[in-house]
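Me: I would be grateful for a close look at one helix of this chain and at its surroundings. Please connect the description to the rest of the fold.

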Amino acid sequence: MLYFLRDILIPLVIAFVLAVLVEALVVAIGRRWPGAPSWLVSWIAGIVVILAAAGGIFVLAQGAVQTVAQAPALQDRLDALIRSVGASLHILRPLDLKTLVGQVNGSQVAGYVLSGVQDVGGTVILVTIYFGFMLGGRRRISRKFDVIAGSSASWPNRLIERAAADIRTYLWVQTVTGAMITAAATAVMLAVGLNNVLFWTVIFFLLTFIPNIGVTVGSVAPALFALLQFPTKWQAIVIFAVVQVAAFVVGNVIYPRMQAETQNIDPIATILALSFWTFLWGITGAFLAVPLTLMLMMIFSQFDNTRWISATLSNDGKPDFRKSI
């Protein structure tokens, strides 16, 4: 069901995550200006999140179009690199991109990119609709869960509040640490003169939300394009090295201090969750793997028949969320 209904469920989950981000902004604004009307703060936070998401999508689309436009020059540079590697390996037959992967149809690639942009546009519309209803009906939804739970067992509503709080904490930690690593990556890309720095900055920042492999992929991609853009290799090496050093410092010094105790997920379970949700929902599942796993752990911990699943996914084997809610 998760797989076959993914076109409906993915926008819904993304909208929920955005609603959690709005709640985090509402809490932050409320602490700074306690006298501000709650409805006004909610709508301001919602507009900020929507504008940030729309700006990121625009930058990604524009960068993808520019990359497609540069395809002929990139192909020539890639052919030169392949011939250089072939010569260093003493391969008698000259190598080029066409020899390795066949004829590359630029118009077909452009069609794939355009189709992808159109799919993203449809998803954004659904996300916006879901997000608007969630933002406008937060209090109504809360009252519904109170009625469903009844006066004697009101844990479902508190469970949702706890799940939202833990996801909010996770997103806050990932956003801050990801922004630190992204700042280092952007600085080094600007220093070496890489093209489409804004595009690569947005890509890199989004990839930091993918656990374990996101930063590595984010450092490899611009480094490879640096190989295509520049006649020398030191620019690519510097980009990759600086990003890895920044990731090491943030991951070993800053991230452990910010990591909340509520994110009690086993590292192996994180990798399994990443693989599972990526298989079901593609790249979107990779971004949502940890938030979805947090929600599942809390739900499974509420029932005797599924509490063992929650214990297996947890890091300490004691995911007793019922006591905390």
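Reply: The account below concerns helix α9, its partner helix, the loop beside them and then the wider chain.

The model is a predicted one, and its confidence should be considered at the outset. The mean pLDDT of the chain is 74, with 68% of the residues reaching 70 or more. Confidence is highest in helix α8 (residues 197–207), at a mean of 88, and lowest in helix α4 (residues 97–101), at 50. Where pLDDT is low, the predicted coordinates should not be read in detail.

Helix α9 covers residues 214–229. This helix has 16 residues and reaches 23 Å from its first C-alpha to its last, a span close to the 22 Å expected at 1.5 Å a residue. Its buried residues are Gly214, Val215, Gly218, Ser219, Pro222, Ala223, Ala226 and Leu228.

The partner to consider is α8. The axes of α8 and α9 come within 8 Å and cross at roughly 160 degrees. An angle over 145 degrees counts as roughly antiparallel, and the two helices are therefore roughly antiparallel to each other. The crossing in which α8 passes α9 is right-handed. On the α8 side, the contact is made by Trp200, Phe204 and Leu207; on the α9 side, the residues involved are Gly214, Val215, Val217, Gly218, Ser219, Ala221, Pro222 and Phe225. Several of these α9 residues are also buried, among them Gly214, Val215, Gly218, Ser219 and Pro222.

Gln229 also belongs to α9. With a relative accessible area of 25%, Gln229 is partly exposed, because that category lies between the 20% limit for buried residues and the 50% limit for exposed ones. Leaving aside residues up to four places away in sequence, Gln229 touches Gly193, Leu194 and Asn195. For Asn195, the separation is 34 residues in sequence but 7.9 Å in space, C-alpha to C-alpha.

A further residue to examine is Asn196, which is found in the loop between α7 (155–192) and α8. Asn196 has a positive phi of about 55 degrees, although it is not a glycine. Its relative accessibility is 18%, so Asn196 counts as buried, the cut-off being under 20%.

A second helix pair, α1 and α11, may be set beside α8 and α9. Helix α1 (residues 6–32) has 27 residues and reaches 39 Å from its first C-alpha to its last, close to the 39 Å expected at 1.5 Å a residue. The axes of α1 and helix α11 (residues 267–300) come within 11 Å and cross at roughly 50 degrees; these two helices are therefore oblique to each other. Their crossing is left-handed. Arg6, Leu9, Ile10, Val13, Ile14, Phe16 and Val17 of α1 make this contact with Leu280, Trp281, Thr284, Leu288, Leu292 and Met295 of α11. The buried residues of α1 include Ile10, Val13 and Val17.

As for the whole chain, there are 13 helices and zero strands. Of its 325 residues, 35% count as buried. Among contacts between residues at least 6 apart in sequence, 67% join residues at least 24 apart.

Methods. Residues numbered from 1 in each chain as written. Predicted model: local features only at pLDDT ≥ 70, side-chain atom pairs only at ≥ 80, totals over all residues. Heavy atoms only, no water. Helix = DSSP H or I, 4+ residues; strand = E, 2+ residues; numbered from the N terminus. Expected span 1.5 Å × (residues − 1). Buried < 20%, exposed > 50% of the residue type's maximum accessible area, 1.4 Å probe, protein only. pLDDT = per-residue confidence, 0-100. Axes fitted to C-alpha atoms, helices over the stretch in contact; angles between N-to-C directions. Parallel < 35°, antiparallel > 145°, perpendicular 65-115°, else oblique. Left-handed = near helix turned anticlockwise from the far one by under 90°. Contact = heavy atoms within 4.5 Å.
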